[in-house]
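Good morning, everyone, and thank you for making time for this. Please have a look at the sequence and the structure before I go through a few places in it.

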Amino acid sequence: MRKLVFIILIIFSHNVSMYGQSKSTFSGYIKDAETGEELIGAAIYFNELKTGAITNPYGFFSISLASNTYKVKISYMGYETQFLELELTKNIRKDIQLKPLDKALEEVNIFAERADENVSSNEMSINKLDMKTIVKIPALLGEVDVLRTIQMLPGVQTAGEGSIGFYVRGGGVDQNLILLDEATVYNASHLGGVFSVFNPDAIKDVKLYKGGIPSSYGGRLSSILEIRMKEGNKKKFSATGGIGIISSRLTIEAPIIKDKGSFIVSGRRMYIDLFFPLMKDSFIQESQAHFYDFNAKANYEINENNRLFISGYFGKDIVRFGDLMGMDYGNQTVTARFNHIFNSKVFSNYTLIYSKFDYGMGLPSGINGFDWSSGIDDLSFKNDYTWFLNPNNKLVFGGQATHHTFRPGIAKPIGDESIFTGIELNNSHAMEYGLFIENDQKIGEKFSLRYGLRFSAFQNIGSYTNYIYDKSDPQNYIPVDSVQYDKGELFNTNSGFEPRFSINYRINNKSSVKLSYNRTIQYIHLTTNTMTVTPMDIWFPSSPNVEPQKADQLAIGYFRNFKNNTYEASAEIYYKNMYHAIDYKDHAELILNPYFEAELRFGEAYSYGAEFMLKKQIGQFTGWLSYTYSRVFREIPEINNGNQYPASHDKPNDISLILSYDILENLNVSISWFYSTGSPRTMPTGRFEYEGMIAPVYSDRNSVRLPDYHRMDLAVTYDFSETKKNGQPKKFQSSLNLSIYNLYNRHNAYSITFEQIEGRPYETQAVKTYLFKTIPSITYNFKF
């Protein structure tokens, strides 16, 4: 490790010294000419030098060159390319506005001008999605869904039918860090996983890291899903919305001061329960089932070097089954960010982040009346800097500190009739820290590197009771003693270094080979022994009894573009080792259990796989085809007699096909088809009689599979928008979308249970439960 660090330092210092004579810097923002929104990943290219720069997540770029006159090309997919003649004799700050392309011109212009980022970038194991692509994909009940689109990418697998939970390269559902404007979203589901919390009208950019994770991100083992909200139209007032079968949405954006600041507010509500009072059944009349989302964001440019952003998300699910049972859960996030440009080379962010997830459930009355609540709160501060050293080096460094509050649960009796005994588990607290540094470096025309290091640490904070267990019986840990920590007392510090490295060797202008390695550490975990993500899953910290999980992942890939970048192809293989993997003993009791750590079992896990993707995102016909072969196994001494067993999300084969075709300029047809191997389960394989009672005999852990899953969806969108005589679109635009979910009515298994055959007490039968038949939906969308 010391030798490797020494070699990297030599390469870095030598490369920096080569540009010691750079005199002038060209910097600024690249924006959408119609809305004023900054463009993420726009390219600035100097043809004479065969070099350039890419805008950061805030649309800012900076490049330092020897004083001279240059021809500059500025491009971004879907926008008209601009050419500038730049006389760079001093530092120049210039904001550039790009105009969106007309549909008729889009294919021709992009063919000629689009940068070959798939091949040239040293990023690998990363998928970027724009909302124009996502909204075309067929959706359940017409609800366009970011997370359902993510599930169709290579290396990503669904948590099950009717769930937006996902697994990445063998990791668990809790090993994905989902960020909305850098705030953690702990439960991204509505209606128990049927829909996600992300309103498509409020989303600007979606990026999934499956590997090659930058050192600025930490806290999860498997992936980072980074979602950024729109900032609002700085030019004029605009509104977007949609009216569907079960929900409607409305988004409004406008300038605060034209070209200086803007805001966006976006709301969505499911309203199917508004029809419940019209039903004949009194039980349904008294029931509720709805969710709502509210997004808001504002930004203001104080001056050319200082900008202020504030954004928030507030969502809630409310379900009531008459007077029998009710539950509600939701997320809240707030992000306040201050951008400061120290000079033309140094860009900084100061970010304060709040995140909350809470869950409640109860019986409103009767002898069993109770109310239960739980959740998690975060308060975080992050400070990061980007130093544009020269055309070949971009240095990112900074730190983050987060205070966690874990609320495992409190249950109280309701009403005088209740005989329920109250249970209260004490809250716990922890601090999580991260320091990071990373350099993005080019070496000649063939090689580019990204190398960095993250140091992370985690400390528990009292008051806290730590139980000591007798583990002589591997199936039942018994508490025998405890240690009490006082309020505010720091204890049980864990820390570690997380090196990150990737390299790109460019074979030619059309192809490259990439290699990446990253170590990740996860300090907080999720209690769940179900296949799908549910609101009842509880987050808990590492502790004296629970070590942090760690993972090492190595990946190599070949990337090739065809037909002047019209088609992008990639093939990647990976191997991942996971340490201190968490699973649960048989028949584990996780809810409102003060000794739930005794239900946990720890061991090792590993996964490997190959991912293939062919993608076309330009022209009338677009889409992608992906295939993933993957395996994931666990080996935990107290489970399955210590023998290796497949994880519950081990699905060897996974295929996704997404096709979209513009039949006419205003008529689009999209189709998606998805296939995966059935997930493994532990099931009864026999039975025996003991003292007059019949008991099942179970298989080895996860040795039986559900039937394979496959489904086809269809969507047709007709655009009613008209244009003026000058070719410009009219102010009011609208479209109608017809979606059919599960086109050929496949009854995919949600679960399989075993029931006794009536009249035959010694025989059982397998009963399949499925959620969805063919479901049509229609949605009217508008914009003005």
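Which residue lies over the face of Y645, and at what distance from the ring centre? It is R701 that lies there, and its distance from the centre of the ring is 5.7 Å. I should say at once that this is a predicted model, so please take what follows as computed from that prediction.

A second arginine is placed in a comparable way: R337 lies over the face of F309, at 5.9 Å from the ring centre. F309 in turn belongs to a cluster that ring pairs link together, along with Y29, Y58, F60, F347 and F388.

That brings me to the aromatic pairs, of which the structure holds 38. One of them joins Y58 and F347, and this pair is stacked, with 5.7 Å from centre to centre and 25° between the planes. The two partners come from distant parts of the chain, 289 residues apart, since Y58 sits in the loop between β3 (51-54) and β4 (60-65), while F347 is in strand β24, which covers residues 346-363. Both Y58 and F347 are buried.

Finally, let me turn to S570, which is found in strand β37, residues 567-584. Is S570 buried or exposed? S570 counts as buried because its relative accessibility is 19%, and the cut-off for buried is under 20%. If we leave aside the neighbours within four places in sequence, S570 is in contact with Y558 and F559, and also with E611, F612 and M613.

Key
Residues are numbered from 1 along each chain as its sequence is written. This is a predicted model: local features need pLDDT of at least 70, side-chain atom pairs count only at pLDDT 80 or more; totals for chains, interfaces and linings use all residues. Side-chain values use heavy atoms; hydrogens and water are left out. Helices (H or I, at least four residues) and strands (E, at least two) are DSSP runs, numbered from the N terminus. Buried means under 20% relative accessible area, exposed over 50%, partly exposed in between (1.4 Å probe, protein chains only). Contact means heavy atoms within 4.5 Å. Rings of Phe, Tyr and Trp (its six-membered ring) pair if their centres lie within 6.5 Å; planes under 30 degrees apart count as stacked, over 60 as edge-to-face and the rest as tilted. A charge sits over a ring if NZ of Lys or CZ of Arg is within 6 Å of the ring centre and within 35 degrees of the ring normal.
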